[in-house]
Amino acid sequence: MRTAVVVGAGTAGLAAAGALSRSGWRVTLLERSERIAAPPTAVVLWPNGLRALQSLDPDGGWTAIAAPMPDGGVRRPDGQWLVAPRTRTGTGPAPAAAHLEDVYDALVAGLGDVEVRTGFEATTVRTGLRSRPAVSDGHTTIEADLLVGADGIDSRVRAAVAPESVAIGSGFAAWQAVIPGFRVPDLDAGQCLGGETLGAGYRFVAIPLGEHAAGRGGVYWVATAAGAARPESAATQLTLLRRWFAGWHDPVGALLDATRPEDLVPQGVRELRPLPRAYGFAAGPGAVVLIGDAAHAMPHHLGQGACLAFEDAATLRSVMAEAEPGAALNAAAETYSRLRRPRTATVVRQNRRMSAVVQARGRLALRARDAALNHMRPRMLARSLDPSHDWTPPE
């Protein structure tokens, strides 16, 4: 039987492991932590991500855990509209938001016969031209026909096959939190919990999670600020956020006041530069592929990180479905790279354009941003996220 090793049990690794297992591969999933656990945040599932998930596991119950996401528009800190909310048009699944714990639970439930090994940190990766790929933690070496690098932005697998691609700081820090439903503040008539607000180097996004999302509901918010990751405690960082966003329109202040330090997930935002030259590599009769943040980590301005990872997994399942070790597997890895590399490069370019908008500072830059945003953002997002112009699962 064909064998595969997936390194990393995040969203990309879980999706790929389950997909390969259902396609007839004997899969081993390696996770360096002692258990598989989701960060206490949420995820936006754009139509391309939902289509990928539904193609990977039609019985995954994705609509039951995700709440449709209304368009809350874009505002300035004083509440003035830059992009007014729009009624969604078109066909296909609507954008949705879900607790990341629920997504993990569904992906874990879909693993089937996958062998899961936790507490395994891949320290050595073998990708020679004469033997199958293998990974080792210094004690145990695991060899397989297919090695899938899903081990995040600091991927050891990527370092072995594409050392030219390194993680660098993106110039800003981010904070995420989920406020449970019972702590969500009451709003006056006409106010909306969702939406995006852009200031001078600051950004705040709020997304309601819906009443049926895991039975908990609540609100997911993300804040960004120019600069590096902060070294202070979560409580101190939350105090800083309340100070930085003081005076912004409702409900920004109310959401920050409802947040507790233990809810806060701070992070320094990094990205890969340059992107790996390829996403699929021959290794003797076997192959190595990169998926998720190991392949295309980027700032989350477009919210496409997880969705691209699910696209990766769906594409990998398709091209590897019939591939046998040897020339066919080598060719399948090349096909995977050919399908995924241009797609992710395009989204990365769009993301960098959005980064310039989000991080605008200075009076002239802000005026130019506000004038341009009203026509640029909807057009750009329509091209990158609308399912009728975007991505569909491969056959």
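**Entry 1: the loop at D71**

I take helices and strands as DSSP runs, numbered from the N terminus. I note at the outset that this is a predicted model. On that numbering I placed D71 in the loop between β4 (67-68) and β5 (74-75). I then looked up how far D71 is open to its surroundings. Its relative accessibility is 40%, so D71 counts as partly exposed.

Which residues does D71 touch, once its neighbours within four places in sequence are left aside? I found P85 and R86. Inside the loop I also looked at the side chain of D71, one polar atom of which lies 2.9 Å from the backbone nitrogen of G73. For a long-range reference I took D71 and G362, which are 291 residues apart in sequence. From C-alpha to C-alpha, D71 and G362 are 28 Å apart in space.

**Entry 2: domains and their interface**

I looked up the division of the protein chain and recorded two domains. Domain 1 is made of three segments, 3-69, 93-168 and 272-388, while domain 2 runs over 170-270. The C-alpha centres of domain 1 and domain 2 lie 26 Å apart. In the contact count, 33 residues of domain 1 meet 29 residues of domain 2.

I next turned to area. The size of an interface is often given as the accessible area lost when the parts come together. Here domain 1 and domain 2 bury about 2500 Å² between them, and 59% of this lies on carbon and sulfur atoms. Which residues of domain 1 lose the most area to domain 2? I recorded H99, H300 and V358, which together make up 23% of what that side buries.

For the polar side of the interface, I noted that the rule finds 1 salt bridge between domain 1 and domain 2. The rule also finds 2 residue pairs in polar contact across this interface. I then listed the elements that give two or more residues to the side of domain 1 that touches domain 2; among them are β3 (42-45), α3 (62-65), β7 (96-99), α4 (100-109) and α10 (327-358). The largest share of that side, 4 residues, comes from α11.

**Entry 3: S165**

I placed S165 in the loop between α5 (156-161) and β13. Is S165 buried or exposed? Its relative accessible area is 4%, so I entered S165 as buried. Not counting residues up to four places away in sequence, S165 touches R158, L272, R273, P274, L275 and P276.

**Entry 4: helix α6**

I examined helix α6 (residues 234-244) and found its buried residues to be Q237, L238, L240 and L241. Why do I describe them as one face of the helix? Seen down the axis of α6, the buried residues fall within an arc of 160°, so they line one face. I then asked what this buried set packs against, and recorded β13 (166-179), β16 (219-226), α7 (252-257) and β17 (265-273).

**Entry 5: salt bridges**

Side chains of opposite charge can pair when their charged atoms come close. I counted such pairs in the structure and obtained 16 salt bridges. I looked at several of them in turn.

E143 pairs with R126, with the closest N and O atoms 2.4 Å apart. E143 lies in strand β11 (residues 141-143) and R126 in strand β9 (residues 124-126), so the pair ties together parts that are 17 residues apart in sequence. I entered E143 as partly exposed at 39% relative accessibility, and R126 as partly exposed at 35%.

R132 forms a salt bridge with D145, the closest N and O atoms being 3.0 Å apart. This pair links distant parts of the chain, 13 residues apart: R132 is in the loop between β9 and β10 (134-136), and D145 is in the loop between β11 and β12 (146-149). R132 is partly exposed, with a relative accessible area of 23%, whereas D145 is buried at 7%. I also noted that R126, R132, E143 and D145 are linked in a network of salt bridges.

R340 pairs with D312 at 2.7 Å between the closest N and O atoms. R340 sits in helix α10 and D312 in helix α9 (residues 305-320), 28 residues apart, and the pair links distant parts of the chain. I recorded both R340 and D312 as buried.

Lastly, I looked up R270, which forms a salt bridge with D154; the closest N and O atoms are 2.8 Å apart.

Note on methods: Residues are numbered from 1 along each chain as its sequence is written. This is a predicted model: local features need pLDDT of at least 70, side-chain atom pairs count only at pLDDT 80 or more; totals for chains, interfaces and linings use all residues. Side-chain values use heavy atoms; hydrogens and water are left out. Buried means under 20% relative accessible area, exposed over 50%, partly exposed in between (1.4 Å probe, protein chains only). Contact means heavy atoms within 4.5 Å. A polar contact is a pair of N or O atoms within 3.5 Å; within protein, one must be able to donate a hydrogen and the other to accept it, and residues adjacent in sequence count only if both atoms are side-chain atoms. The arc is that of the directions from the helix axis to the C-beta atoms. Domain bounds come from an automatic or database domain assignment. Buried area is the accessible area (1.4 Å probe) that two parts lose on being put together, summed over both. A salt bridge is a side-chain nitrogen of Lys or Arg within 4 Å of a carboxyl oxygen of Asp or Glu.
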